[in-house]
Amino acid sequence: MRRSQPTLMKKHNRIYGGIFIMSPRRVAICDPKDSQVILGTHAFLKDKRYSNVELMEPNMFLTVDPELNKQRRRQIGPSMSLASLKHMEPAILEAGPKQLHAKWDRDIEQSKDGQTARICYHSDFVLMTFDVISSLGFGHAHRSLTSGDTRVAKWVKSTFVLIFLQAIMPIIKSMFFRRFIAKSLYSEFDAFFALSTQAVNNRKKLLANLSSNEDKPKDMLQSYIDAEDPESRIRMTSGQVITETIISLLAGSDTSSNTLAWAIHLLLLHPHYLARVVEEVREAFDRDHLIIYSESKASLPFLEACIYESLRLIPVTTTLPRFLPRGGATLHGHSIPEGYNCSISISAVNTNPEVWERPDEFYPERFLDNEANKRTVLTFSAGVRVCPGKNLAWMEIQSTMANIFNKYDLELPEDALFTPDRVDESGLPILMPCTVASTCVPKFPGRDCVVVVSKRK
Ligand code: HEM
């Protein structure tokens, strides 16, 4: 079995259990305890294919070198803490929920009846999450969602593809591919790199003219420039800041937008839960109030449970590939030789029937007052290389959803293909199909991620 598609991994987990052979020298891991063992230490290195990528300086995401990864985490980690993100929240709300409202209000106003608009929420979330991270990372307010200028968002996509291709197919790094076959991908990457370089240079010029530290911008770019490793006192060079900014943009936009899209899809297919979330939000806040993350965290436990359940059921990152250390390891009672690869299947761990009751069901109640269940969800990974952008993602996702439900009524269009009544043999709503590459993306977003939006009655 070579493919690691989530549905296949889940199916094989039910047949073969917590561990099975996927292909020669590669085993699949589907058990939460084994995953914690592997992810808890740098001994199980990230898959070596990541180090094939030669586009930027070595960085936190692609490095297989534990020392570099640890240093970067000491440098960058604090800027991703909730305390630090609190200072960035105004920029997140401007580029995120407020911009989305502006776009949806305009769509409604310009619609035929002036009351309801058909909206592809997937494409809006893609641009919105890109705008959020690029505002923080470039210190410049890209507004691709409302302006319709999607040029930079496209460069990001090309960079993603290029990284993926270099990792699995190193020949793409050759001059022949650079000049001919993959020329446009490389030139879009160059444009994106030049933009990031310009952002760092502009910021350094601005800093040179500031009279007080108090006036420094409060964003991710600034915190990367200021980041210092408390152990070695080393700060990042401009090249490293540029690279880490690009990496944050790549790692943080598609993941967040697709998570938002799956959460909305799941709620539309479970109208009783949608109604419960809407009621919770509207009882807690006035209709014109812009809900910030701390408010939503304090007052909207059911919304939070729905997001956890969506992250559990459809994790946008599907596998975590790791390398068995010298001497091998015993996993799930089996001795696995050194040099083997193991692929932790996030989707199989998140739906392992030995751990989760009603594993395939969208059942958010399992997360109400249940910290242990929240900790078991593996969607942001865990351990030494856990996602450093987790807090930012939560801030963005939860405040976007809270503000959508506070301001708009959402309904599936009449021609929707996937509806609450269209169920499988177990009686569960059939989900829209997805494509799995580096993230799990709706396959036909223009067809399946459409919703009719009107202003809240
Ligand atoms: C819903 C949103 C997100 C999900 C589901 C997610 C998931 C993940 C996962 C599973 C990993 C581990 C990958 C691996 O080990 O192979 C990871 C790593 C990473 N994520 Fe996220 N992520 C999200 C949002 C973000 C955001 C917003 C940022 C940045 C601002 C970010 C930055 C990173 C970085 C830099 C790494 C590499 C860490 C390392 O290798 O040490 N992520 N993410």
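Visitor: Let's start small. Which residue in β5 does K46 stand opposite?

Guide: K46 stands opposite R322. Bear in mind that this is a predicted model.

Visitor: And in what sense do β3 and β5 pair?

Guide: The general idea: strands of a sheet pair through backbone hydrogen bonds, in either a parallel or an antiparallel way. Here, β3 and β5 (residues 319-323) are antiparallel, with 2 bridges between them.

Visitor: What order do the strands of that sheet take?

Guide: Read across the open sheet and you get β1-β2-β8-β5-β3, 5 strands with mixed pairing. β1 (19-23) and β3 (45-46) sit at the edges with a single partner strand each, so each has one side without a neighbour in the sheet.

Visitor: Which helix lies across β1?

Guide: That's α1, residues 6-16, at about 130° to β1. Helix α1 also lies across β2 (26-29), β5 and β8 (341-345).

Visitor: Zooming out, how many helices and strands does the protein have?

Guide: There are 18 helices and 12 strands.

Visitor: How does the radius of gyration fit a compact globule?

Guide: You set the value against what a compact globule with this number of residues would have. For 457 residues that is near 23 Å, and the protein comes in at 22 Å, which agrees. The C-alpha trace spans about 65 × 65 × 45 Å along its principal axes.

Visitor: What share of the residues is buried?

Guide: Buried residues make up 54% of the 457. As for the surface, about 20400 Å² is exposed, and carbon and sulfur atoms supply 54% of that area.

Visitor: What about contacts along the chain?

Guide: Of the contacts with a separation of 6 or more, 71% join residues 24 or more positions apart.

Methods:
Residues are numbered from 1 along each chain as its sequence is written. This is a predicted model: local features need pLDDT of at least 70, side-chain atom pairs count only at pLDDT 80 or more; totals for chains, interfaces and linings use all residues. Side-chain values use heavy atoms; hydrogens and water are left out. Two strands pair if DSSP finds at least two bridges between them. Helices (H or I, at least four residues) and strands (E, at least two) are DSSP runs, numbered from the N terminus. Contact means heavy atoms within 4.5 Å. Axes are lines fitted to C-alpha atoms, for helices over the stretch in contact, and angles run from 0 to 180 degrees between N-to-C directions. The radius of gyration is taken over C-alpha atoms; the globule rule is 2.2 Å times the number of residues to the power 0.38. Buried means under 20% relative accessible area, exposed over 50%, partly exposed in between (1.4 Å probe, protein chains only). Accessible areas come from the Shrake-Rupley method with a 1.4 Å probe; for residues, only the protein chains shown count as cover.
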